[in-house]
Amino acid sequence: MSPASTSGSLTGLKYTNVGATGSYNQVTNIIPGTFPTCDVNPSCITQPKQISGNLAPFNEEMTFNFRGPLNLYNIAVLQPDSTGATWTQASSWAAGQAPNNLVFMNNFGGAKSGEFSICGGNSQSFANGAWTDATTAANAEIANGFLDEDHEINIMTAQTCADSPCDGFARGTANHGWADSKMLVVTFDMPPSQDPSKVPAIWALNAQVVRSAEYGCNCRGIGSPGGCGELDILETLVGADPNQGISEVYSVKGATGSGTTNSFARPTANKVTYAVVFDVQTDSIAIQQLAGWDYSQTSVPRSVIDGFLNAPALEVSFATGARRRSELQKPRGVIGGRRRRHAL
């Protein structure tokens, strides 16, 4: 691993006491209404979903999201086998190559894949190779790994909600995420933005959020009855230091994070590798900068995961009553083909 830094400029962060007991409003249907009024009420149909136990709700299916400017070089997702003694590579991708059990998606549902209506906006879609538009099938075009500052993508598994039912409401093009314990390993850099109001980020969401409407009717929020789970892994904020990125976590408990004096360095020139571990066994989430990663390895022993969980890190307890997130301005997202603020 890289030389450890547990305060100021971070190389590691660990959230403890992650699991929550409570409920969030799970989306069960979206009724878009009829143009031009689009005035059906209610249009976002929800019902409470009870959660409890270690890592809840982050033990549910998650998707990993990316906003440019960003160069992605490699991605791997590992999960434990039935014994928990070995974590096996479930999904992988290298720039310029076809993915393995991994699909690049975005929010351009319509003619090419997914669905669109004026009142309901865009569903998820299969991303094209440039990550700037939709395409007709999963990974129909090979991606070279550059994501410009005007676009976002997310990754899901290759299993669709048509293959087996997904939890919660899903529409258009909809795939499963990664459930229970999982580890994301990603190698990337974040080149300088041409427009200072467009800044990069890597974050994880409950997969239900993108399957309904990432910037519309969804279960994302802070505290009860919202909060189905979001982890900002490394996010540069508009109006803050453009060379630093923060981490924050949200669920039915509320929110907490790296704070106002701790941050990860934005890798503008050199690529870096991060591991993000969601571990049910220890009820914790760890973010660690690594010296490197062998993406050809198909499995690692539990001891490697424990090494990441126990490595030097800023430790943040996500106990009940955690503080709400800071009200720094968040970047823009997309709904219905229109720009809007990334509101929680």
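Student: Before we get to charges, how do I read the accessible area here, and how much does the protein chain expose?

Tutor: Accessible areas come from the Shrake-Rupley method with a 1.4 Å probe, and for residues only the protein chains shown count as cover. In this case the protein chain exposes about 13100 Å², with carbon and sulfur atoms supplying 49% of that. Keep in mind that this is a predicted model, where local features need pLDDT of at least 70, side-chain atom pairs count only at pLDDT 80 or more, and totals for chains, interfaces and linings use all residues. Residues are numbered from 1 along each chain as its sequence is written, and side-chain values use heavy atoms, leaving out hydrogens and water.

Student: Okay, what share of the residues is buried?

Tutor: Buried means under 20% relative accessible area, exposed means over 50%, and partly exposed is in between (1.4 Å probe, protein chains only). Here, buried residues make up 56% of the 344 in the protein chain.

Student: Now salt bridges: how many does the count come to?

Tutor: The rule asks for a side-chain nitrogen of Lys or Arg within 4 Å of a carboxyl oxygen of Asp or Glu. By that rule you get 11 salt bridges. One of them joins Arg-67 to Glu-235, with the closest N and O atoms 3.5 Å apart.

Student: Where do those two sit along the chain?

Tutor: Helices (H or I, at least four residues) and strands (E, at least two) are DSSP runs, numbered from the N terminus. Arg-67 is in strand E5 (residues 62–67) and Glu-235 in strand E17 (residues 230–235), so to speak distant parts of the chain, 168 residues apart. Both Arg-67 and Glu-235 are buried.

Student: Which residue does Lys-198 pair with?

Tutor: Asp-150, at 2.5 Å from N to O. Lys-198 is partly exposed, at 22% relative accessible area, and Asp-150 is partly exposed too, at 30%.

Student: And how far apart in sequence are Asp-306 and Arg-302?

Tutor: They are 4 residues apart, about one turn, and both lie in helix H2 (residues 302–310). Their side chains meet in a salt bridge of 2.9 Å, N to O. Asp-306 counts as partly exposed at 26% relative accessibility, whereas Arg-302 counts as buried at 10%.

Student: Which residues are linked in a network?

Tutor: Lys-49, Glu-60 and Asp-167 are, through salt bridges.

Student: To finish, how many helices and strands are there?

Tutor: The protein chain has 2 helices and 26 strands.
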